[in-house]
Amino acid sequence: MSQLSSTDTPIAALPGDALRERAVDQLRAELGDALIDTLVKPGDDVWVRVRADAWHDAGIALRDVVGLDYFCFLSAIDWMPSPFGRGEDDPTQPQAERDMTIRQGYTGGETRFQLFARACSTTLHFGVTIKADIGDDMTMPTWIPCYTGANWHEREAHEMFGINFAGHPDLRNMYLPSGFEGHPMRKDFPLLARMVKPWPGIVDVEPLPGEPADDSDADGGES
Amino acid sequence: MTMLGDRQRLAYIASQAADARLNVELETEGMTLNIGPQHPATHGTLRIICRLDGEQVVWAEPSAGYMHRGYEKLTEVRTFPQVTSLVNRIDWLGSFANEVPFILAAEKLMDIEAPPRAQHIRTILFELSRIANVSLFLGDLGVQLGAITPVFMAFRDREYVLNLIESATGGRFHPNFDRIGGLKDDLPKGWIEETRSVMRKLRTFCDEIDDLLFGNEIFQSRTRGIGVIPKDVALQYGLSGPNLRASGVDYDLRRDQKIAMAWDKVDFKVWTHPDGDSFARCWVRLQETREATLIVEKLLDTLPAGPVMAKVPRIIKVPEGEAWVSTENPLGEMGYYVVSKGDLGPFRVKIRSASFNNISIVPWLLRGVYVPDVITILASLYFILGDIDR
Amino acid sequence: MMFAVHFPYWAQSLLRVLGGLVAVLLPAGTIVYLFLFKMMSFMQSRLGPMEAGPYGSMQLFAEVGKWLQKEDIMPEKADHSIFKIAPLIVLASTFLLVAVVPFGPDAFFTNFETGVFYALAVSSVSVLGILIAGWSSANKYSLLGGLRAAGQLIAYELPMVLAVVGVVIQAGTMNMQQIVVAQNAGEIFGWSGLGNPYILTQFIGFAVFMIAVQAELTQAPFDMPVAESELVSGYMTEYSGFRFLIFFIAEFATAGVFALIASVLFLGGWGIPFSWFGWNNIDQIDNWMNIVGPLIMFTKMMGLVFLIMWIRFSYPRFREDQLQRFAWKVLIPVSLGNIMLTAVLKVVF
């Protein structure tokens with residue numbers, strides 16, 4: 001098998017936080033005040049949030065300036081707490097009152113829906129998670145010019161969250177029947193299996209008899 | 001946009017020409033061939049709609065979603081420990097490997113780390129599930145190309161690995177063995193010796209496949225130069241795992257990231273191939289299976305003593321935060337983006353599965369190839385339907 | 001002089017029909033059980049059928065029974081009458097082929113001067129059956145399979161004919177019986193202990209012939225007309241029940257008959273070297289050869305079928321264009337060269 005090559009590259013220097021800081025600086029230089037917020041967790045990852053209209057430019061900057069050549073994923077998140085909780089209500093009882101305030105995660109946000117994506121570098125060995133708020137028109141520019149692989153991810157986000165991608169050539173449904181109404185991954189879309197009868201798995205989180213039901217019971221046992 | 005190989009460019013021109021021909025009335029009549037959802041070549045229910053001109057594919061579009069189970073939605077109504085039994089079923093041939101990144105993400109949010117012995121055993125089981133997964137691929141590859149014998153060898157030898165996984169975890173296909181903070185149990189008695197002998201058997205199996213399939217001239221002529229993915233296209237589409245490494249990208253998450261697993265304790269080789277064709281993809285997988293058996297043996301040599309479970313609360317509440325952990329699964333990069341709101345269950349889990357990206361390149365790749373090459377390319381990309389549809 | 005005892009014509013005809021059935025079905029059954037069920041299983045480290053009868057030997061009857069019970073399904077859009085005829089045409093070509101194969105000095109169905117020519121001619125009848133099966137099924141996979149089969153069988157007919165020409169030149173006859181006699185009565189440089197089986201002098205022809213047979217039988221590595229991982233089952237996709245059974249029998253019976261023809265042409269057929277018993281020509285041969293001859297033929301046939309099946313179980317399949325390239329660019333030039341070489345040597349010696 002001599003004609004076939006294999007590499008035995010030594011482990012490259014693992015990403016320092018300096019690399020992540022540099023990525024943030026590069027993005028800031030490229031995008032200006034379209035870069036709203038950033039978060040670098042030491043030794044972990046970096047989050048950036050950009051304005052919705054800069055989403056496409058941010059993708060190009062990530063690819064060409066920061067040098068993240070590898071497209072990882074793109075998806076969306078619905079920050080509204082589910083009105084159905086974790087689906088463990090007794091369907092025969094009236095619904096419980098829930099705190100419905102929207103709290104966004106890392107790097108904050110203003111809207112209920114956020115688009116987030118991730119790209120990595122195969123040579124520098126680090127990645128960036130990028131987020132953007134989605135306005136009320138639920139339309140975002142497509143990322144296909146930056147990363148071709150975003151095509152299917154955007155189709156998935158379109159049918160699951162109802163986000164439109166301006167410039168996407170083919171936003172057909174991927175999983176759902178073409179006439180399907182509603183967007184299943186939105187929090188206000190009920191999980192019908194949990195609506196028709198109580199979830200048997202609820203038993204799992206009940207405290208064992210004779211034990212206090214709070215976190216202080218750290219006995220290291222397997223739950 | 002991309003650099004195309006000569007062959008790819010020719011195929012592209014041919015398909016353009018075929019397109020033009022199809023539009024001319026009364027000349028040739030194209031045919032639409034539905035490969036799947038029920039078809040021997042799509043292990044699962046993938047449907048590929050091909051527009052044919054003779055036996056040449058003019059246009060192809062995969063249509064997934066026949067197995068969508070909505071795991072991302074389901075995770076939102078489960079507790080953290082319950083999620084592992086769901087994600088087990090994403091890539092059902094290498095189930096244990098699906099649990100690990102999720103558990104690691106939860107551990108990262110909780111800021112705990114599994115004891116060294118648990119990390120070792122996790123890595124060993126991870127590599128075993130890689131072997132179980134890829135050895136079946138090696139056999140299945142033969143069937144897709146018309147050689148029926150390798151698949152029986154693959155099933156025979158995969159059985160040894162499944163027995164190992166079963167005796168350690170209690171489950172052959174869906175171990176559900178990983179816990180936040182460690183593992184459910186320690187290894188059973190005699191397991192280490194048994195594993196060593198099985199790894200030797202598996203290396204013999206790899207040699208057999210190497211002789212029977214990879215050394216075969218027909219096999220080589222069927223796979224070499226077929227379905228060439230250039231490096232930059234592979235990266236653009238987010239291909240990962242052996243598919244990416246076969247295009248000459250030296251990227252392996254086992255080596256290239258800091259993660260609470262035992263891969264940094266052993267020295268192993270990351271195999272790449274410069275060609276990017278179907279043969280390269282198969283070859284890289286064969287070498288990886290061999291390498292995985294060596295990794296398992298080395299890990300067994302350095303297995304530390306100690307507990308397999310860290311101190312974790314009985315009722316697991318994960319602090320608020322977001323975490324992304326991905327590992328190099330048998331099919332490629334599999335990662336979980338876990339958002340927690342300090343509740344019993346995750347608020348949102350984005351599952352990044354390898355086959356979803358790997359198969360999204362298919363429309364680009366299938367233009368201008370022949371119908372038999374469709375099967376070769378699909379087989380060499382190696383997808384698992386549960387991994388596409390989740 | 002077909003039989004030592006004189007039979008009326010109707011009895012002779014009946015015997016011939018029965019003999020033909022035996023000569024086609026018995027090898028087919030044996031091949032399926034021995035090779036497809038057992039040999040393949042052992043090669044793949046498994047046991048194969050073990051439940052029906054001792055060592056699974058009754059499995060064949062179970063399979064036939066299963067197929068006969070199955071519903072005869074036909075696609076609605078299929079051309080019904082043609083659809084029904086197709087398997088019969090394929091099977092008929094097998095029976096037509098076996099008619100010229102000699103099994104002993106007097107044990108043959110028919111013996112005519114252009115036997116080889118006839119055999120090669122009728123072997124291509126099966127293409128018609130396959131083509132109309134593919135076309136009439138009204139199924140895209142069947143259509144692709146049928147077209148592939150037509151292209152492939154026509155391409156490999158040619159090297160097969162050309163490979164046989166070498167034998168015909170060397171034997172100086174197209175009569176199959178006389179080709180057998182010529183081999184067993186022949187001698188190699190004056191030594192007649194082995195006769196002169198043409199596999200020794202015509203080994204190129206033999207190799208080309210066996211490759212072409214493999215392709216004619218659509219066995220792997222030439223099985224793209226059925227190509228189960230691409231075309232589901234090719235031209236057989238829509239067939240079920242006893243119609244599929246007929247295709248199935250025809251496939252393995254044809255394997256047997258082609259092996260018989262190959263053993264006649266290259267391995268000395270039913271004969272044993274005549275010098276062992278001091279025979280000089282066909283009239284001196286003892287009558288017991290009519291019993292032993294078929295057994296010898298059967299043995300040689302099994303050897304050749306083993307070869308065919310061994311390759312079938314080990315090789316992946318070619319692609320359609322590679323197959324055509326192989327036929328036109330390799331096999332045909334090689335067999336043409338073989339003919340020239342044979343002709344030159346024939347003149348020289």
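Start by selecting C:Val17 in this predicted model: with 51% relative accessibility, C:Val17 counts as exposed, because the cut-off for that label is over 50%. You'll find C:Val17 in helix H1 of chain C, which covers residues 9-43. Now add C:Trp10, C:Leu14, C:Leu18, C:Leu21 and C:Leu25 to your selection; together with C:Val17 they form a nonpolar patch on the surface, with about 600 Å² of accessible area.

Next, hop over to chain B and pick strand E7, residues 332-340. How many of its residues are buried? 9 of 9, so to speak of E7(B) as mostly covered is fair, given that buried means under 20% relative accessible area.

Keep E7(B) lit and bring in its partners. Strand E6(B), residues 321-329, pairs with E7(B) in the antiparallel sense over 9 bridges, and the two form a hairpin with 2 residues between them. Zoom in on B:Trp324 and you'll see B:Tyr337 of E7(B) standing opposite. Then select strand E8(B), residues 348-352: E7(B) and E8(B) also pair in the antiparallel sense, over 5 bridges. Here, try B:Tyr336, whose bridge partner in E8(B) is B:Ile351. While you're looking along the strands, remember that in a regular strand the side chains alternate between the two faces of the sheet.

Last stop: the cysteines. Across all chains the disulfide count is 0. Select B:Cys206, which is in no disulfide; its nearest cysteine sulfur belongs to B:Cys282, 13 Å away. B:Cys206 is buried, at 0% relative accessible area. Click on B:Cys282 too: that residue is in no disulfide either, and is buried with a relative accessible area of 0%.

Notes
Residues numbered from 1 in each chain as written. Chains lettered and ligands numbered in written order. Predicted model: local features only at pLDDT ≥ 70, side-chain atom pairs only at ≥ 80, totals over all residues. Heavy atoms only, no water. Patch = residues over 30% accessible without salt bridge, like charges linked within 9 Å, V, L, I, M, F, W, Y side chains within 5 Å. Areas by Shrake-Rupley, 256 points an atom, 1.4 Å probe, with all protein chains shown as cover. Salt bridge = Lys/Arg side-chain N within 4 Å of Asp/Glu carboxyl O. Helix = DSSP H or I, 4+ residues; strand = E, 2+ residues; numbered from the N terminus. Buried < 20%, exposed > 50% of the residue type's maximum accessible area, 1.4 Å probe, protein only. Disulfide = S-S within 2.5 Å. Pairing = 2+ DSSP bridges.
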